[in-house]
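Hi,

Here's the structure I promised to pass on. Have a look at it first, and then read on for what turned up.

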Amino acid sequence: MDKSNKGSCLCGAVRFTTTGPLRGVVYCHCSQCRKQSGHFYAATSVADGELEVQGSEHITWYAASDFARRGFCSRCGSLLFWKAHSEPDISIMAGLFDAADGLVGSCHIFVGQKAAYYEINDGLPRYERSSPGVAVAAD
């Protein structure tokens with residue numbers, strides 16, 4: 001999916017536009033993602049240079065590890081981004097898009113850390129840690 005896509009946080013203080021191709025949605029079941037979101041992450045990604053953000057002064061970055069940081073809206077608390085320090089892409093929570101009709105699920109990662117209260121039954125590939133090409137923090 002490589003057309004322009006727009007999205008925002010819940011309150012609209014942070015808005016963004018992507019102009020490049022978006023990766024398929026990766027569902028992350030790691031303990032950090034679960035603790036931050038209350039469930040699992042569903043995120044796509046885009047090249048850093050193909051993301052324009054308005055309201056960046058409302059983004060708070062949390063250094064979740066030496067490897068990456070997590071961005072959220074300081075006004076409404078919406079989860080926004082996951083950014084590995086040394087990677088050229090930024091992950092964007094898939095639910096933030098106003099209408100990203102071309103987004104499709106691609107895989108599940110960290111399935112060994114999945115919570116016991118739900119099942120994964122969608123037939124997508126599952127990885128104990130990460131899928132090829134998806135940067136993750138070392139744990």
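Before the pairings, one bit of vocabulary: two strands pair if DSSP finds at least two bridges between them. Also keep in mind that this is a predicted model.

Let's start with the overall sheet. Seven strands make up an open sheet, in the order β6-β7-β8-β9-β4-β3-β10, and the pairing is mixed. β6 and β10 (105–109) are the edge strands, each pairing on one side only. On average, neighbouring strands of this sheet are turned by 30° against each other, ignoring direction.

Now for strand β4, residues 41–47. Five of its seven residues are buried, so β4 is largely enclosed by the rest of the structure. On one pairing, β4 and strand β3 (residues 25–28) go together in the antiparallel sense over three bridges. Here Ala43 in β4 is the bridge partner of Val26. β4 also pairs with strand β9 (residues 89–93), again antiparallel, over five bridges. In that pairing Val46 sits opposite Ile90 in β9.

Val26 is worth a second look. Besides its partner in β4, Val26 has a bridge partner in β10, namely Cys107. The β3–β10 pairing is parallel and spans four bridges.

Over at the β6 edge, strand β6 (residues 59–62) and strand β7 (residues 68–73) run antiparallel, joined by four bridges. Trp61 stands opposite Gly71 in β7. The connection from β6 to β7 is a hairpin through five residues.

Then there are three individual residues I'd like you to click on.

His29 is in the loop between β3 and α1 (31–37). Is His29 buried or exposed? With a relative accessible area of 0%, His29 is buried, since the cut-off for that is under 20%. Its side chain makes a polar contact of 2.8 Å with the side chain of His108, and another of 2.5 Å with the side chain of Tyr118. Setting aside neighbours within four places in sequence, the residues in contact with His29 are Arg34, Phe40, His108, Ile109, Phe110, Val111, Gln113, Lys114, Tyr118 and Ile120. So if you open up that list, you'll find both polar partners, His108 and Tyr118, in it.

Asn5 is in strand β1 (residues 5–8). Asn5 counts as buried because its relative accessibility is 1%. Which backbone atom lies 2.9 Å from a polar atom of the Asn5 side chain? That would be the backbone oxygen of Lys3. Not counting residues up to four places away in sequence, Asn5 touches Phe16, Thr17, Thr18, Leu22, Phe97, Ala99 and Ala100.

Leu22, one of the residues Asn5 touches, comes up again with the last of the three. Leu103 lies in the loop between β9 and β10. Its relative accessible area is 18%, and with the cut-off at under 20%, Leu103 therefore counts as buried. How far apart are Leu103 and Leu22 in space, C-alpha to C-alpha? The distance is 7.7 Å, although 81 residues separate Leu103 and Leu22 in sequence.

That's what I have for now. Shout if anything is unclear.

Cheers

Notes:
Residues are numbered from 1 along each chain as its sequence is written. This is a predicted model: local features need pLDDT of at least 70, side-chain atom pairs count only at pLDDT 80 or more; totals for chains, interfaces and linings use all residues. Side-chain values use heavy atoms; hydrogens and water are left out. Buried means under 20% relative accessible area, exposed over 50%, partly exposed in between (1.4 Å probe, protein chains only). Helices (H or I, at least four residues) and strands (E, at least two) are DSSP runs, numbered from the N terminus. Axes are lines fitted to C-alpha atoms, for helices over the stretch in contact, and angles run from 0 to 180 degrees between N-to-C directions. A polar contact is a pair of N or O atoms within 3.5 Å; within protein, one must be able to donate a hydrogen and the other to accept it, and residues adjacent in sequence count only if both atoms are side-chain atoms. Contact means heavy atoms within 4.5 Å.
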